[in-house]
Amino acid sequence: MAKKEVDAISGVETTGHEWDGLKELNNPLPRWWILTFYATCIWAVVYWVLMPSWPLISDYTRGIRDHSQREIVMDEVAALQSARADQGEAIVNADLETIKSSPDMLQFAMASGRAAFGDNCAGCHGTGATGFTGFPNLNDDEWIWGGSLEEISHTIHFGIRAAHDETRVGDMLAFGRDEILDREQVRNVASYVVSLSGGEGVEGADIEEGKVIFEDNCASCHGEDAKGTKELGAPNLTDNIWLYGGDVQTVIETVHNGRAGMMPAWDGRLDEATIKSLAVFVHSLGGGQ
Ligand code: HEC
Ligand code: HEC
């Protein structure tokens, strides 16, 4: 073995490795480092024994503690689901008024109603339930089909003009397209309707004639006072809240072609607890009656 060479400047032994005249000093590792290193080795062995660690061909060493993060999560999920099922069952068995007046049930119904609204309804009614043209705002005090808990629940269950035997029906005729009224009459009655809420653009139309046409053709559904009929889904035409729009041109279009907004039925697609929660949630949005 070659004799160890000692570096003249530092007085430290070299390893014998040399690159272009640079020699490597053979300094030992610090003691604390060595001890920490041994400690981690021992800890690793202890860990292998206690905890899942080494992969095997189709399994892994489970360790004597048999710890499994996955099982812990599964247990927690199962516990949560059974707690929810209990609450969901309470919701199913209670009537809507009771849910509304019991703080615990109300809190649960509001939370699950809000979540279900985001998943199923926001696409048409908007995330804040403020609606779009043709899709009603559910926050206001104006209800086409009724704003009581029962009425809202009925609407959600069976939908509007939907594929369900009990769906809400009520169809506005296409007065122009089906030649029940001529163009002039459509314009006059539309102008009369717009004038009821003080809308603009009605100059030049015969409002008086429009009123007579309204009484003959429209009052049967929208009412003599044009305040609407909930059973038929015929909206109030006097409150300046419009599903399709209250300018003369849009009202002419509505009267010419009729409208038939469609809202799907949720009975069978959502469970009963969710539908009830939705009814409570929608009712609470600010305009429940
Ligand atoms: C495909 C679009 C669509 C979806 C999805 C939808 N709706 Fe509707 N909804 C409508 C339309 C359109 C109307 C108005 C129908 C009409 O002309 O009377 C309506 C009306 C309503 C009404 C009656 C409002 C009133 O003034 O009487 C309620 C309540 C309602 N929706 C709640 C919901 C809830 C809750 C959900 C989710 C479970 C939902 N809607 C999902 C389209 C939709
Ligand atoms: C057979 C019942 C029926 C008759 C008759 C009827 N309507 Fe309607 N009307 C409805 C229904 C139902 C709606 C709601 C349509 C929808 O939601 O898609 C409606 C909607 C409207 C709207 C839309 C309101 C809005 O908020 O945008 C206007 C305007 C209107 N009707 C005017 C008239 C006029 C004018 C007449 C007479 C020429 C008339 N209706 C006759 C049932 C009727």
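Buried means under 20% relative accessible area, exposed means over 50%, and partly exposed lies in between. These legends describe a predicted model.

**View 1. The iron atom of ligand 2 has two protein donors, M172 and H222.** M172 donates through SD, and H222 donates through NE2. Both donor atoms lie 1.9 to 2.1 Å from the iron atom. Around this iron atom, the 6 donor atoms subtend angles of 88 to 180°, so the arrangement is octahedral. The two residues come from distant parts of the chain, 50 residues apart. M172 sits in the loop between α6 (149–158) and α7 (183–196). H222 belongs to helix α9 (residues 219–222). M172 has 28% relative accessibility, so M172 counts as partly exposed. H222 has a relative accessible area of 9%, so H222 is buried.

**View 2. H125 and M263 are the protein donors of the iron atom of ligand 1.** The donor atoms are NE2 of H125 and SD of M263. They lie 2.0 to 2.1 Å from the iron atom. The 6 donor atoms here subtend angles of 85 to 180°, which makes the arrangement octahedral. This pair also links distant parts of the chain, with H125 and M263 138 residues apart. H125 is in helix α5 (residues 122–125). M263 is in the loop between α10 (248–257) and α11. Both H125 and M263 are buried.

**View 3. T155, in helix α6, touches M263.** M263 is also a protein donor of the iron atom of ligand 1. Leaving out residues up to four places away in sequence, T155 touches W145, I160 and R168 as well. Is T155 buried or exposed? T155 has a relative accessible area of 12%, so T155 is buried.

**View 4. Helix α4 (residues 103–120) crosses helix α11 (residues 272–283) at roughly 95°.** Two packed helices are described by the angle between their axes and the distance between the axes. Here the axes come within 7 Å. The two helices, α4 and α11, are therefore roughly perpendicular to each other. From α4, the contact is made by L106, A109, M110, S112, G113, R114, A116 and F117. From α11, the contact is made by T274, S277, L278, V280, F281 and V282. Sorted by class, the contact of α4 with α11 has 9 nonpolar, 4 polar and 1 charged residues.

Technical notes: Residues are numbered from 1 along each chain as its sequence is written. Chains are lettered from A and ligands numbered from 1 in the order in which they are written. This is a predicted model: local features need pLDDT of at least 70, side-chain atom pairs count only at pLDDT 80 or more; totals for chains, interfaces and linings use all residues. Side-chain values use heavy atoms; hydrogens and water are left out. Axes are lines fitted to C-alpha atoms, for helices over the stretch in contact, and angles run from 0 to 180 degrees between N-to-C directions. Helices (H or I, at least four residues) and strands (E, at least two) are DSSP runs, numbered from the N terminus. Angles under 35 degrees count as roughly parallel, over 145 as roughly antiparallel, 65 to 115 as roughly perpendicular and the rest as oblique. Contact means heavy atoms within 4.5 Å. Ala, Val, Leu, Ile, Met, Phe, Trp, Tyr, Cys and Pro count as nonpolar, Asp, Glu, Lys and Arg as charged, and the others, Gly among them, as polar. Donors are N, O and S atoms within 2.8 Å of the metal (3.2 Å for Na, K and Ca); water is not among the atoms, so sites may look incomplete. Four donors count as tetrahedral if all angles lie between 85 and 135 degrees; four count as square planar and six as octahedral if opposite donors are over 155 degrees apart and all others between 65 and 115; anything else is irregular. Buried means under 20% relative accessible area, exposed over 50%, partly exposed in between (1.4 Å probe, protein chains only).
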